[in-house]
Amino acid sequence: QVRLVESGGRLVQAGGSLRLSCAATGLTVSTSTMGWFRQAPGKEREFVATITWAVGTTYYAESVKGRFTISRDNAENTVHLQMNNLKPEDTAVYYCGQFSAGSMFARSSYENWGQGTQVTVSS
């Protein structure tokens with residue numbers, strides 16, 4: 001029943017900003033730990049950011065810390081990823097997932113992945 005739909009990805013120049021959205025149905029984001037991962041061509045899906053249930057503590061990959069912000073809109077039941085000062089190395093398909101068990105930083109700990117949204121950062 002759970003469905004996550006990512007949106008907001010597009011082509012943007014280096015230094016620009018994007019705001020990705022993850023619209024959730026079948027789950028409540030305020031009581032679910034949610035994460036953003038990304039996958040570049042030829043590479044494994046890697047952790048980007050996560051926000052915990054209840055308190056809403058956030059964690060980030062070192063590569064995006066200070067540039068990206070994960071948040072949730074409980075009223076809209078949506079998780080966002082604000083991406084500032086984008087770099088070409090941020091180019092990837094960005095996925096939203098629901099944490100199930102294990103490490104919050106491991107892709108295997110998440111489920112119900114959306115289809116992803118493409119972010120392309122040009123030089």
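Buried, in these notes, means under 20% relative accessible area. I'm working from a predicted model.

**Overall look**

I started with the burial count: buried residues make up 43% of the 123 in the protein. Next I went through the secondary structure and found eleven strands and zero helices. Reading along the sequence just gives me β eleven times over, β-β-β-β-β-β-β-β-β-β-β.

Then I checked the dimensions. The C-alpha atoms fill a box of roughly 40 × 30 × 25 Å along the principal axes. I get a radius of gyration of 13 Å, which agrees with the value near 14 Å for a compact globule with 123 residues. I also looked at contacts with a separation of 6 or more, and 55% of them are between residues 24 or more positions apart.

For the surface I have about 6,200 Å² accessible, with 47% of that belonging to carbon and sulfur atoms. Charges next: there are 11 positive and 9 negative ones, and their mean positions lie 2 Å apart.

**Strand S8**

I picked S8, residues 78-83, for a longer look. Which strands does S8 pair with? I noted S3 and S7.

S3 covers residues 18-25 and runs antiparallel to S8, with six bridges joining the two. In that pairing I find Ser 21 opposite His 80. S7, residues 68-73, also pairs with S8 in the antiparallel sense, over six bridges. Here Asp 73 has Thr 78 as its bridge partner in S8.

Is S8 mostly covered or mostly open? I'd call it mostly covered, since five of its six residues are buried.

S7 and S8 make a hairpin with four residues between them. In that turn I spotted Asn 77 with a positive phi of about 55°.

**More asparagines with positive phi**

That sent me looking at other backbone angles, as most residues other than glycine have a negative phi.

Asn 85 has a phi near 50°, so it is positive without being a glycine. I located Asn 85 in the loop between S8 and S9, the latter being residues 92-99. Its relative accessible area is 43%, so I list Asn 85 as partly exposed.

Asn 112 is another non-glycine with a positive phi, about 55°. Where does Asn 112 sit? I placed it in the loop between S10 (110-111) and S11 (117-122). Asn 112 also goes down as partly exposed, because its relative accessibility is 31%.

Definitions and conventions: Residues numbered from 1 in each chain as written. Predicted model: local features only at pLDDT ≥ 70, side-chain atom pairs only at ≥ 80, totals over all residues. Heavy atoms only, no water. Buried < 20%, exposed > 50% of the residue type's maximum accessible area, 1.4 Å probe, protein only. Pairing = 2+ DSSP bridges. Rg over C-alpha atoms; globule rule 2.2 N^0.38 Å. Contact = heavy atoms within 4.5 Å. Areas by Shrake-Rupley, 256 points an atom, 1.4 Å probe, with all protein chains shown as cover. Lys, Arg positive; Asp, Glu negative; His and termini not counted. Charge placed at Lys NZ, Arg CZ, Asp CG, Glu CD.
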